[in-house]
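Me: Could you take a close look at one spot in this chain for me, and then work outward from there to the rest of the fold? Keep it relaxed, but stick to what the model shows.

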Amino acid sequence: MQGYIDTHVHLWDLEVLDLPWLTGDPGLKAIANTRNFHDYTAAAADTGLVKGIYMEVDVAPSDRVKEAEFVFGLCGDPSSGLCGAVIGAPVLTGPIHQPPPPHTHTETHTETHT
């Protein structure tokens with residue numbers, strides 16, 4: 001069986017990161033515990049999973065830098081199983097009151113030397 005990399009893995013350590021959406025919702029009690037890559041690989045045994053890419057978990061705004069530092073540390077540890085990360089950004093709700101900047105056109109110039 002050929003191995004694969006899961007490119008969208010949500011993991012969290014509740015002793016390190018604050019996830020109000022998870023810990024504050026009684027309906028999520030069944031998953032409101034630390035989830036690490038070793039747990040995930042054990043659950044995915046015999047599927048060929050070899051590595052994963054961390055996907056942000058909407059931490060509390062005060063923990064965004066902590067999340068980045070924590071996950072970069074995991075990615076730098078070969079035993080963690082993580083080989084990359086998508087770090088979170090604020091989740092917007094409701095209308096966006098400021099329009100995006102206008103598209104700017106950039107011309108490409110290529111010179112040929114003979």
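**Around Arg 35**

Reply: Arg 35 has a relative accessibility of 30%, so it counts as partly exposed. Bear in mind that this is a predicted model. You'll find Arg 35 in the loop that links α1 (20-23) with α2 (37-43). If you leave out residues up to four places away in sequence, Arg 35 touches Leu 11, Trp 12 and Ala 30. Asp 13 is worth a look too: 22 residues separate it from Arg 35 in sequence, yet their C-alpha atoms are 6.2 Å apart. Don't read a salt bridge into that pair, though; the count for those is one, and it belongs to Lys 66 and Asp 63, where the closest N and O atoms are 3.9 Å apart. Asp 63 sits at 8% relative accessibility, so it's buried, while Lys 66, at 39%, is partly exposed.

Back to the loop residue's partners. Leu 11, which Arg 35 touches, is also among the residues with the most contacts inside the largest nonpolar core, along with Leu 19, Phe 37, Tyr 54 and Val 57. That core has 14 residues. Follow Val 57 and you come round to familiar names: again setting aside residues up to four places away in sequence, Val 57 touches Leu 11 and Trp 12, plus His 10, Leu 19, Trp 21 and Glu 67.

Now zoom out a bit. The chain has three helices and three strands, and going along the sequence they read β-α-α-β-α-β. Where does the right-handed β-α-β unit sit? It's built from β2, helix α3 (residues 64-75) and β3. Strand β2 (residues 49-55) and strand β3 (residues 82-86) run parallel and are joined by four bridges. To get your bearings in that pairing, look for Gly 52, which stands opposite Leu 82 in β3.

As for the chain overall, 23% of its 114 residues are buried. About 8,400 Å² is exposed, with carbon and sulfur atoms supplying 57% of that. Take the contacts between residues at least 6 apart in sequence, and 69% of them join residues at least 24 apart.

Key: Residues are numbered from 1 along each chain as its sequence is written. This is a predicted model: local features need pLDDT of at least 70, side-chain atom pairs count only at pLDDT 80 or more; totals for chains, interfaces and linings use all residues. Side-chain values use heavy atoms; hydrogens and water are left out. A nonpolar core is a set of buried Ala, Val, Leu, Ile, Met, Phe, Trp, Tyr and Cys residues joined through side-chain atoms within 4.5 Å. Buried means under 20% relative accessible area, exposed over 50%, partly exposed in between (1.4 Å probe, protein chains only). Contact means heavy atoms within 4.5 Å. Two strands pair if DSSP finds at least two bridges between them. Helices (H or I, at least four residues) and strands (E, at least two) are DSSP runs, numbered from the N terminus. A crossover is right-handed if, with the strands pointing away from the viewer, the path from the first strand over the helix to the second runs clockwise. A salt bridge is a side-chain nitrogen of Lys or Arg within 4 Å of a carboxyl oxygen of Asp or Glu. Accessible areas come from the Shrake-Rupley method with a 1.4 Å probe; for residues, only the protein chains shown count as cover.
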